[in-house]
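Biologist: I'm new to reading protein models, and I'd like to learn how to pick out the features. Can you walk me through this one?

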Amino acid sequence: MERTVRDASEESNRAEPERDVLTVVLCGEQPAAGAVSVEVVPGETLVIGRGPALAVDRKDGETWLRLPDARVSERHAVVEHQGAAIQLEDLGSMNGTFIGGQAVRKTIIADGGTAVAGRTVLLFRRVRGARLGPPFEVAGAPELRTLSAPVEHAHRLLARAAPSDVAVLLRGETGTGKEVAARALHTLSGRRGRFVAVNCGALPEPLIESELFGYCKGAFSGATLDKPGLIAAANGGTLLLDEIGELPPAAQVKLLRTLQEHEVLPLGAGNGEGIKVDFRLVSATHADLDEQVRRGRFRADLLARIHGLDLTLPPLRERLVDVGLLTAALLGRLAGAEGPAYRFDRRCAEALVTHDYPMNVRELEQTLKTLLALAGPERLFRREALAETAMGRPPAPRPSQDPGVIRADLLDQLARHQGNISAVARAMRCTRVQVHRWLKRWSIDAQQFRPGA
């Protein structure tokens, strides 16, 4: 079995001792204030109090966690060990300390539990291999900031490999930030060519080869000009093939030839008429390519070509410590210079940190877009506004990645919705294009499920 970077990271974490860690995830008063993790050390008191900036320091033999939050008292609460448990005690603060929306005075807080002081959300974890202190950062790639140890491990390797030409395979659920990581890799590589991102699953199958490899004038009806294609457009730069597992067999063969010969052969071109190309290949997938190879759906020789540095990006529910960092970055992109002016009320900030995020960072981004639209002139994100987002609805089951499960679910939904493709797509939380691809893949005729068929 192939040993991946994630395997090495998990082995390293298992060698680390367990630590009790308190993380400032999101400062509702100042979303751009950052994040920090501090260890709750047995026999020591951790004091939570107000400060001009987010900081950890020592004072009178105590460790202080300073929060830039006007609703936090100067000496707001303390955290300390009580045997094997962690106790949180509010010190009579002006605005209280809350867990699950309820004010608390003294309580034991569980692993994975959150508390809110003022409008600042704190996350407690008992973990191995925790990153303590401020976020990990890569110079020149601010999008790679993280407080998650597994993500830091992946980002370190990504930055280290950037100047080379090694192929990179990014695995992870939809919406985990694979394209963001690929763009950062391109930036750090110093390559002068373009970054070209191609979603293989979004290209109609009849057009995949002409879009990727280009075509020559007269190659087919309507080809009145030469078109170089997307792979040639990445010459000198980086090519991201997202959802590479969706490539049909014929396109896999042509891609393999391109990688072997460093040459693109457009449709209609003869031998010796290829276009020389030099690009860095980054492949991304949420599918199990090894399983697809075993099932004969993906070429083993192509997997060997794209399988250089193998990185897995964890889902957002496994890196909730980064919700605040991601929120600040997204607000900066969505609201520009006005991003830091927006604030969260206590309940809204807590909801963002405790949500399960079945659609990962993409869901966080859509939630923030809605909050921005509903914030009003006071620029305050309120918990009530979340009712108008996916976070305000009961969580749907997370889509399976197993082809057999997907096929069974597709047949069930086709029967339930009498072959209505739009209804099936909504039920399966995907696009109509994806449903049509599945129908073609498994030779399923939707018409047979319609009334009277």
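Modeller: Sure! Keep in mind that this is a predicted model. Let's start with a helix lying over some strands: helix 2, residues 149-161, lies across strand 13 (168-171), strand 18 (280-285) and strand 19. Its direction runs at about 150° to strand 19.

Biologist: Which other helix packs on that sheet, and which strands does it touch?

Modeller: That's helix 3, residues 178-189, which touches strand 13, strand 14, strand 15 and strand 18. Helix 3 makes an angle of about 165° with the direction of strand 18.

Biologist: In what order do the strands of this sheet sit?

Modeller: Read across the sheet, not along the chain. The order is 14-15-18-13-19, five strands in an open sheet with parallel pairing. At the edges you'll find strand 14 (195-199) and strand 19 (309-312), each pairing on one side only. From one strand to the next, the twist averages 15°.

Biologist: How many bridges join strand 14 to strand 15?

Modeller: Five, and the two strands run parallel, with strand 15 covering residues 238-242. To find one of these on screen, look for Phe-195: its bridge partner in strand 15 is Thr-238.

Biologist: Now the other sheet. What is its strand order, and is the pairing parallel or antiparallel?

Modeller: Here six strands make an open sheet, ordered 2-1-12-11-8-9, and the pairing is antiparallel. Strand 2 (36-39) and strand 9 (102-104) are the edges, each with pairing on one side only. The twist in this sheet averages 35° from one strand to the next.

Biologist: Which helix packs on this one?

Modeller: Helix 10 does, touching strand 1, strand 8 (97-99), strand 11 (114-117) and strand 12. The direction of helix 10 makes about 155° with that of strand 11.

Biologist: And how many bridges join strand 1 to strand 12?

Modeller: Nine, between residues 18-27 and residues 120-128, with the strands running antiparallel. One place to look is Leu-26, which stands opposite Val-121 in strand 12.

Biologist: Let's go to single residues. Is Glu-62 buried or exposed?

Modeller: Compare its relative accessible area with the cut-off: buried means under 20%. Glu-62 has 19%, so it counts as buried. Glu-62 sits in strand 5, residues 62-67. Leaving aside neighbours within four places in sequence, its contacts are Thr-45, Val-47, Asp-57 and Arg-75.

Biologist: What about backbone angles? Which phi does Tyr-357 have?

Modeller: Tyr-357 has a positive phi of about 50°, although it is not a glycine. You'll find Tyr-357 in the loop between helix 10 (346-354) and helix 11 (360-374). Its relative accessibility is 0%, so Tyr-357 is buried.

Biologist: Where is Arg-379 found?

Modeller: In the loop between helix 11 and strand 21 (380-381). Arg-379 also has a positive phi, about 55°, and is not a glycine. At 30% relative accessibility, Arg-379 is partly exposed.

Biologist: Last one: how far apart are Met-359 and Thr-174?

Modeller: That has two answers, one along the chain and one in space. They are 185 residues apart in sequence, but 6.8 Å apart from C-alpha to C-alpha. Met-359 is in the loop between helix 10 and helix 11, and at 26% relative accessibility it is partly exposed. Beyond its neighbours within four places in sequence, Met-359 is in contact with Thr-174, Gly-175 and Arg-429.

Technical notes: Residues numbered from 1 in each chain as written. Predicted model: local features only at pLDDT ≥ 70, side-chain atom pairs only at ≥ 80, totals over all residues. Heavy atoms only, no water. Pairing = 2+ DSSP bridges. Helix = DSSP H or I, 4+ residues; strand = E, 2+ residues; numbered from the N terminus. Axes fitted to C-alpha atoms, helices over the stretch in contact; angles between N-to-C directions. Contact = heavy atoms within 4.5 Å. Buried < 20%, exposed > 50% of the residue type's maximum accessible area, 1.4 Å probe, protein only.
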